[in-house]
Amino acid sequence: MAQLPEQRLPVELFLDLDRSGPVPLYYQVAQRLEQAIRDETLPAGARLENEVALASRLGLSRPTIRRAIQDLVDQGLLVRRRGIGTQVVHGRVTRNVELTSLYEDLERAGQEPTTTVLDVASATADERVAEALGVPVGSPTLHIRRLRFADGVPLAILDNVLPAAYADLERDDLERHGLYQLLRARGVTMRVAKQRIGARAATAQEADLLDLRRGAAILTMSRTAFDNAGVAVEYGQHCYRPDRYAFEVTLVER
């Protein structure tokens with residue numbers, strides 16, 4: 001997502017604020033900001049003017065503006081980025097719990113996925129990886145670690161281990177394509193996966209990569225995917241920003 005210049009909202013959007021009524025001012029401001037995002041008065045990528053300037057123009061306190069903005073951050077409509085400010089983003093990515101890749105989910109949601117490969121290296125399988133992939137401990141594997149962005153905003157850290165058969169995957173290909181796309185191009189058909197979803201506090205490194213405060217909560221997913229012969233083709237441990245990402249499950253009564 002291209003970064004746009006700082007955008008000053010027209011004061012007319014806020015002329016009807018009820019400054020003496022029962023509805024909190026921060027909530028009224030948040031509603032008007034949300035509407036400006038929905039109707040693209042504030043387009044995706046736009047940067048809001050800073051809180052002090054906006055509060056001064058509207059004749060409101062900075063805490064009122066800060067709380068209004070935080071409401072929209074919590075909804076996934078705005079994101080605070082160090083060195084950039086407060087920026088408009090697309091809404092939170094909602095992912096059905098099914099055998100799809102994050103890269104494809106982002107494309108379907110109309111968001112542009114980009115990837116920074118943090119590491120690609122040969123490794124030997126420890127007990128955890130060996131059990132997940134169904135290989136002996138010490139077997140050669142390929143370890144891939146990537147940072148995935150949605151419209152230029154960091155969304156997830158993807159940590160995957162693959163059997164030695166895929167050790168020739170190239171860094172450049174991993175930056176341009178999703179992992180499942182590359183595996184399918186080699187004739188692999190992912191048929192079933194074992195998956196676990198959870199949450200925990202981010203490590204210092206994860207917080208830095210995902211542009212979160214230290215110790216912030218992150219969503220986690222671990223997955224082992226199997227091909228149509230029942231052979232494990234990848235073991236992944238991923239973590240996601242909870243303000244930009246959610247899992248969705250449909251439950252059916254038995």
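In this predicted model, the lining of the second largest pocket comprises 2 nonpolar, 3 polar and 5 charged residues. The volume of this second largest pocket is about 190 Å³. Its lining residues are Arg128, Glu131, Ala132, Lys194, Gln195, Arg196, Ser222, Arg223, Thr224 and Tyr235. Three elements each give two or more residues to this lining: α5 (127-133), β9 (190-201) and β10 (217-227).

The largest pocket has a volume of about 340 Å³. Its lining holds 13 residues. Closest to the pocket centre are Val73, Asp211, Leu212, Arg213 and Asp243. Helix α3 (62-74) and strand β3 (78-81) are the elements that supply two or more residues to the lining of the largest pocket. Nonpolar and charged residues are balanced in this lining, with 6 of each, and 1 residue is polar. Both domains take part. Domain 1 (25-88) and domain 2 (102-240) each provide at least three residues to the lining of the largest pocket.

The protein divides into these two domains, with domain 1 spanning residues 25-88 and domain 2 spanning residues 102-240. Over C-alpha atoms, the centres of domain 1 and domain 2 are 33 Å apart. The contact between the domains involves 4 residues from domain 1 and 7 residues from domain 2.

Helix packing was examined for α2 and α3. Two packed helices are described by the angle between their axes and by the distance between the axes. For α2 (residues 51-58) and α3, the axes come within 9 Å. The crossing angle is roughly 115 degrees. The crossing of α2 past α3 is right-handed. On the α2 side, the contact is formed by Glu51, Val52, Leu54, Ala55 and Leu58. On the α3 side, Arg62, Ile65, Arg66 and Ile69 take part. By class, the residues of this helix contact are 6 nonpolar and 3 charged, with no polar residue. Helix α3 thus appears in two settings: the contact with α2 and the lining of the largest pocket.

Notes. Residues numbered from 1 in each chain as written. Predicted model: local features only at pLDDT ≥ 70, side-chain atom pairs only at ≥ 80, totals over all residues. Heavy atoms only, no water. 1 Å grid on protein atoms, 1.4 Å probe; cavity = no way out; pocket = protein on both sides within 12 Å on 5 of 7 lines; lining within 4 Å. Points joined across faces, edges and corners; volume = space filled by probe spheres on them. Helix = DSSP H or I, 4+ residues; strand = E, 2+ residues; numbered from the N terminus. Nonpolar A, V, L, I, M, F, W, Y, C, P; charged D, E, K, R; others polar. Domains from an automatic or database assignment. Axes fitted to C-alpha atoms, helices over the stretch in contact; angles between N-to-C directions. Left-handed = near helix turned anticlockwise from the far one by under 90°. Contact = heavy atoms within 4.5 Å.
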